[in-house]
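Colleague: Mind walking me through how to read a few features here? I'd like the general idea, then the case at hand.

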Amino acid sequence: MESSKETGCQAREGPILCVNNCGFFGSAATMNMCSKCHKDMILKQEQAKLAAASFDNIGNGSSSSNDKEPVVAAVIDVQTGSAELKAVSIEASADLASAQSSEMKPKEGPSRCNTCRKRVGLTGFNCKCGNLFCAVHRYSDKHDCPFDYKNAGRDAIAKANPVVVAEKLNKI
């Protein structure tokens, strides 16, 4: 058998604990950190890069309202004395504002027939007059529909069939 000097590999004595003392085992590929601590470290590095880039943009005055880059806000925890950077997306805040406006909309009740007030749910019929009706009142003669079907039909036919006029023939 070959010795470790010949192969260039060092034999490990045992598992290595995470350098952050979280209790999990680390590996050399993740700088002797467990996967969770390594992922957290990478995330903090990316946020620091984003913060530096956004501070440079603000300092240069090149930031505009149409930029879709995340805005970074610094949060300082007074009790522990540590500072964290949190990225807040402009798009997320716009989505939040639209969600709040939709919540302010009054809740609509169940869909009901406009004539008999029967609950119709998904089986309701929308009429051209703009109202919702049940299966009994869906026809225009059953609910006194104000929509003028005759004129609508005439207009549709006139639009679909334009008047064809032949050119006049020259007399010989």
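Colleague: Which residues does Cys 134 touch, not counting residues up to four places away in sequence?

Modeller: A contact means heavy atoms within 4.5 Å. By that rule Cys 134 touches Cys 113, Cys 116, Lys 118, Val 120 and Phe 125, leaving out residues up to four places away in sequence. Keep in mind this is a predicted model, where local features need pLDDT of at least 70, side-chain atom pairs count only at pLDDT 80 or more, and totals for chains, interfaces and linings use all residues. Residues are numbered from 1 along each chain as its sequence is written, and side-chain values use heavy atoms, with hydrogens and water left out.

Colleague: Which residues make up the largest nonpolar core?

Modeller: In soluble globular proteins, nonpolar side chains tend to be buried together. A nonpolar core is a set of buried (under 20% relative accessible area, 1.4 Å probe, protein chains only) Ala, Val, Leu, Ile, Met, Phe, Trp, Tyr and Cys residues joined through side-chain atoms within 4.5 Å. The largest one here has seven residues: Cys 113, Val 120, Cys 127, Leu 132, Phe 133, Cys 134 and Cys 145.

Colleague: How many disulfides does a search of the whole structure find?

Modeller: A disulfide is a pair of cysteine sulfur atoms within 2.5 Å, and the search turns up zero.

Colleague: Why is there no bond from Cys 37 to Cys 34?

Modeller: Because the Cys 37 sulfur sits 3.4 Å from the one in Cys 34, its closest cysteine sulfur, and that's too far. Likewise, the sulfur of Cys 129 is 3.6 Å from its closest cysteine sulfur, in Cys 127, too far for a bond.

Notes:
Buried means under 20% relative accessible area, exposed over 50%, partly exposed in between (1.4 Å probe, protein chains only).
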